[in-house]
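Visitor: Could you give me a close look at the inside of this protein, and show me how its parts pack there? I would like to follow it residue by residue.

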Amino acid sequence: RQWTAVNRQSEDAAQVIEAGLDLMVSETSYTPKASDLRDLAIPLPFLTETETIRRLVRRFDSHQGLVRHLSATVDHVDLELRLAHSDSRYDFERSRSRLIGLWLEVADLRELAVRAESWALIYSALIDIDPSGALERTDRLHTETGQQLDETLERLLNSTADHENLTRGCIRALAHRRPQWALRLASMLN
């Protein structure tokens with residue numbers, strides 16, 4: 001898992017991902033978590049061979065049913081975004097469907113801090129997944145996600161005094177791709 005974070009653009013990434021997935025299946029004493037799959041999926045969007053990406057995405061999808069009920073929601077959202085980014089490389093409509101399904105899942109989350117961090121992850125990932133803005137033109141996904149993030153953050157900040165701990169994940173998710181949002185959020189903290 002750690003290798004993939006450091007070597008995300010390595011030529012050997014596909015083989016390492018395959019080996020990691022094989023190990024998860026063969027090791028019956030270990031129950032994988034969404035964070036394991038998320039970390040293993042880091043290099044997926046950087047792979048160059050379409051068929052390899054398609055095959056690996058299918059493998060990740062087959063594992064998700066096993067870990068979905070055992071894992072933290074934010075890890076699941078992050079994994080889904082990595083898969084959507086990978087899907088966008090060979091089938092944009094599949095990526096769109098995955099994103100809309102994920103969007104609806106996040107909208108139903110009850111815990112405000114988890115929902116806010118999930119919106120922040122989606123909002124940041126849209127820059128890489130949809131650089132042409134096609135999802136904005138067809139579904140207003142960028143605008144709607146930004147609005148949901150804004151509304152959720154407002155509700156979260158108004159409902160607690162523990163701003164720093166509850167928004168740390170949001171700031172981290174926004175800092176690289178949406179730094180203006182991260183700075184605005186940081187300025188709102190008590």
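Guide: Here is a walk from the whole fold to the core, and then to some residues in and around it.

First, a word on what you are looking at. This is a predicted model, in which local features need pLDDT of at least 70 and side-chain atom pairs count only at pLDDT 80 or more, while totals for chains, interfaces and linings use all residues. Residues are numbered from 1 along each chain as its sequence is written, and side-chain values use heavy atoms, with hydrogens and water left out.

Let's begin with the frame. The protein has eleven helices and zero strands, where helices (H or I, at least four residues) and strands (E, at least two) are DSSP runs numbered from the N terminus. Its C-alpha atoms fill a box of roughly 45 × 40 × 30 Å along the principal axes. The radius of gyration is 17 Å, which agrees with the value near 16 Å for a compact globule of 190 residues; this radius is taken over C-alpha atoms, and the globule rule is 2.2 Å times the number of residues to the power 0.38.

Of the 190 residues, 49% count as buried. Buried means under 20% relative accessible area, exposed means over 50%, and partly exposed is in between, with a 1.4 Å probe and protein chains only. Among contacts with a separation of 6 or more, 66% are made by residues 24 or more positions apart; a contact means heavy atoms within 4.5 Å.

Now to the core itself. In soluble globular proteins, nonpolar side chains tend to be buried together. A nonpolar core here is a set of buried Ala, Val, Leu, Ile, Met, Phe, Trp, Tyr and Cys residues joined through side-chain atoms within 4.5 Å. The largest one has 33 residues, and the members that touch the most others are Val77, Leu81, Leu99, Val106, Ile122, Leu149 and Leu174. Two or more residues come from each of α5 (73–88), α6 (92–107), α7 (112–129), α9 (141–159), α10 (163–175) and α11 (179–188). Helix α7 gives the most to this core, with twelve residues.

Leu99 is a good place to zoom in: leaving aside neighbours within four places in sequence, Leu99 is in contact with Leu81, Ala84, Leu126, Ile129, Leu135 and Leu141. Apart from this core lies another, of 17 residues, among them Ala13, Ala14, Val57 and Tyr90.

Helix α5 deserves a second look, through two of its residues. Leu79 lies in α5 and counts as buried because its relative accessibility is 0%. Outside the four places on either side in sequence, Leu79 is in contact with Ala34, Leu37, Arg38, Ala41, Phe60 and Gln64. Asp78 also sits in α5, and this acidic residue is buried because its relative accessible area is 16%. Beyond residues up to four places away, Asp78 touches Arg38 and Leu121. So you meet Arg38 twice, as a contact of Leu79 and as a contact of Asp78.

Next, move to the start of α9. Arg140 lies in the loop between α8 (134–139) and α9. Most residues other than glycine have a negative phi. Arg140, although not a glycine, has a positive phi of about 55°. At 41% relative accessibility, Arg140 counts as partly exposed. His142 lies in helix α9 and is buried, with a relative accessible area of 14%. Not counting residues up to four places away, His142 touches Tyr123, Leu126, Asp130, Gly133, Leu135, Glu136 and Arg178. Two of these partners, Leu126 and Leu135, are also contacts of Leu99.

Finally, look towards the end of the chain. Leu189 lies in the segment after α11 and counts as partly exposed because its relative accessibility is 22%. Leaving aside neighbours within four places, Leu189 is in contact with Leu157, His163, Glu164, Thr167 and Ile171. The C-alpha atoms of Leu189 and Glu111 are 19 Å apart in space, with their positions 78 residues apart in sequence.
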